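Open the model in your viewer and keep the selection panel at hand. Each stop below says what to select and what is there.

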Amino acid sequence: MTTDTSVPPPHDAGITGTAGRISLVGIGPGHTDHMTARARAAIAEADVVVGYVTYIKLVADLLEGKEVVRKGMTEELDRAVHALEAARAGKKVALISSGDAGVYGMAGPTYEVLFQAGWTPEDDVAVEIVPGASAINACAALVGAPLTHDFCSISLSDLLTPWPVIARRLDAAAAADFVVALYNPKSGRRTRQIVEAQRLFLRHRRADTPVAIVKSAYRRRQHIVHTTLDQMAEQEIGMLSTVLIGNSSTFLREGLMVTPRGYANKYDVDQGFETREGEKAGRSLSSGLLGWIEGLRAEQAAGAGLAELASRHRLPADYIAQVLAAPDEHAPAEAGTEETEA
């Protein structure tokens, strides 16, 4: 089912009645310099501010004259329940998360509580999500440009997620050559998870793969360590750390961790960025989807079987079979039309 939904202006998002409002506010790394104007405004408008004690401290200078509700680390559902009760009473509530409320933050638990209570978007209690810079963005900005190509984030916390699920995600991401950000990598009680993550990544990545460990990005006790995959687990890592693991192309130079976008595949960087033979500026690579399918058909015509093709391209045999069986109905773009990419 596809639903088209018009998006109201942020200040009025979801407001349909006269009861209170819950603003799920992402405060970014924590310093007001890195908060959005809307995040600061949502806190300023709030009658009640609810949050984990550490996050409350980060915005203490914005809380004068407000009712402040401090909750502990494992009391996420309690925070959401308190926010809903206050909003039902007609109050404006800022429920704060570090980073972005929708990335390992309070947005998910709050919607779970809301739906359990029978809330709908037409309810008198309005709900607004105020986005903020996640830890993955803040940490990446401090160490260079590690996220320029495809990346993903994986939490190592097994408080709510079974370890086999986490391990499968780690193994798949490592095999697929993603740059990976590890959230919640280690705590006083959870010390082995980072070791197991390292073990899984070393199955697919070089031992000297660059790794950056950033603690408390843009906060008072900020600390950055550059290391390698084989030495990663030996470093000082805690709950306030985010671990960035590079892909097969990531390099460290002059103290900066950089993941190339892939321009060298199309342009010769040693020849003034001239387009390589067989490539066209503004068009997909010759090894892009259409070029790859053409080559795949040629390999099949030359006698390669499905098992051999699957092994050669490191893709499932049933997927290769589906690609080869599909009609060749995607013609190249007309001359003069070009794709534009940032």
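**Stop 1: H6 against H7**

Select helix H6, residues 163-175, and helix H7, residues 193-202, in this predicted model. What is the handedness of the crossing of H6 and H7? The crossing is right-handed. The two axes come within 9 Å and cross at roughly 35 degrees.

Now show the side chains of the contact. From H6, pick Trp 163, Ala 167, Leu 170, Asp 171 and Ala 174. From H7, pick Gln 193, Glu 196, Ala 197, Leu 200 and Phe 201. Colour this set by residue class: seven are nonpolar, one is polar and two are charged.

**Stop 2: the mixed sheet**

Keep H6 displayed and add the strands beside it. H6 touches S7 and S8 as it packs on a sheet. The direction of H6 makes about 160 degrees with that of S7.

Extend the selection to the whole sheet. This is an open sheet of five strands, ordered S7-S8-S11-S9-S10, and its pairing is mixed. Go to the edges: strand S7 (151-155) and strand S10 (223-228) each have a single partner strand, so one side of each is left without a neighbour in the sheet. Direction ignored, neighbouring strands are turned by 20 degrees against each other on average.

Zoom in on strand S8, residues 179-183, and strand S11, residues 241-245. They pair in the antiparallel sense, over three bridges. For one such position, pick Ala 181, with Leu 244 of S11 opposite.

**Stop 3: the parallel sheet**

Clear the view and select the other sheet on this tour. Five strands form an open sheet in the order S3-S2-S4-S1-S5, with parallel pairing. At the edges stand strand S3 (67-71) and S5; each has a single partner strand, so one side of each has no neighbour in the sheet. Here neighbouring strands are turned by 15 degrees against each other on average, again with direction ignored.

Add helix H1, residues 37-45. H1 packs on this sheet and touches S1, strand S2 (48-52), S4 and S5. Its direction makes about 140 degrees with that of S1.

**Stop 4: strand S1**

Select S1, residues 21-26. How many of the six residues of S1 are buried? Six of the six are buried, so S1 is largely enclosed by the rest of the structure. Check both faces. Arg 21, Ser 23 and Val 25 lie on one side, Ile 22, Leu 24 and Gly 26 on the other, and all are buried.

Next, look at the partners of S1. Strand S4, residues 92-97, pairs with S1 in the parallel sense over six bridges. Gly 26 has Ser 97 of S4 opposite. Strand S5, residues 126-130, also pairs with S1 in the parallel sense, over five bridges. On this side, Ile 22 stands opposite Val 127 of S5, and Leu 24 has Ile 129 as its bridge partner.

**Stop 5: H4 and Thr 110**

Bring in helix H4, residues 107-116. H4 lies across S1, S4 and S5, and it runs at about 170 degrees to S5. Within H4, select Thr 110. Is Thr 110 buried or exposed? Thr 110 has a relative accessible area of 1%, so it is buried. Leaving out residues up to four places away in sequence, Thr 110 touches Leu 24, Ala 80 and Leu 95.

**Stop 6: H5 and its end**

Select helix H5, residues 135-143. Its buried residues are Ile 136, Ala 138, Cys 139, Ala 140 and Val 143. Step on to Gly 144, which follows H5. The phi of Gly 144 is positive, near 130 degrees.

**Stop 7: the whole chain**

Zoom out. The chain has 10 helices and 15 strands. Of its 342 residues, 38% are buried. Among contacts with a separation of 6 or more, 64% are between residues 24 or more positions apart.

Finally, colour by pLDDT. The chain average is 88, and 88% of the residues score at least 70. Among the elements, H7 has the highest mean pLDDT, 98, and strand S14 (residues 267-268) the lowest, 69. Over residues 5-17 the pLDDT is below 50; this stretch has 19 contacts in the model beyond near neighbours in sequence. Residues 333-338 also stay under 50, with eight contacts beyond four places in sequence. Where pLDDT is low, the predicted coordinates should not be read in detail.

How values were computed
Residues numbered from 1 in each chain as written. Predicted model: local features only at pLDDT ≥ 70, side-chain atom pairs only at ≥ 80, totals over all residues. Heavy atoms only, no water. Buried < 20%, exposed > 50% of the residue type's maximum accessible area, 1.4 Å probe, protein only. Helix = DSSP H or I, 4+ residues; strand = E, 2+ residues; numbered from the N terminus. Pairing = 2+ DSSP bridges. Axes fitted to C-alpha atoms, helices over the stretch in contact; angles between N-to-C directions. Contact = heavy atoms within 4.5 Å. Left-handed = near helix turned anticlockwise from the far one by under 90°. Nonpolar A, V, L, I, M, F, W, Y, C, P; charged D, E, K, R; others polar. pLDDT = per-residue confidence, 0-100.
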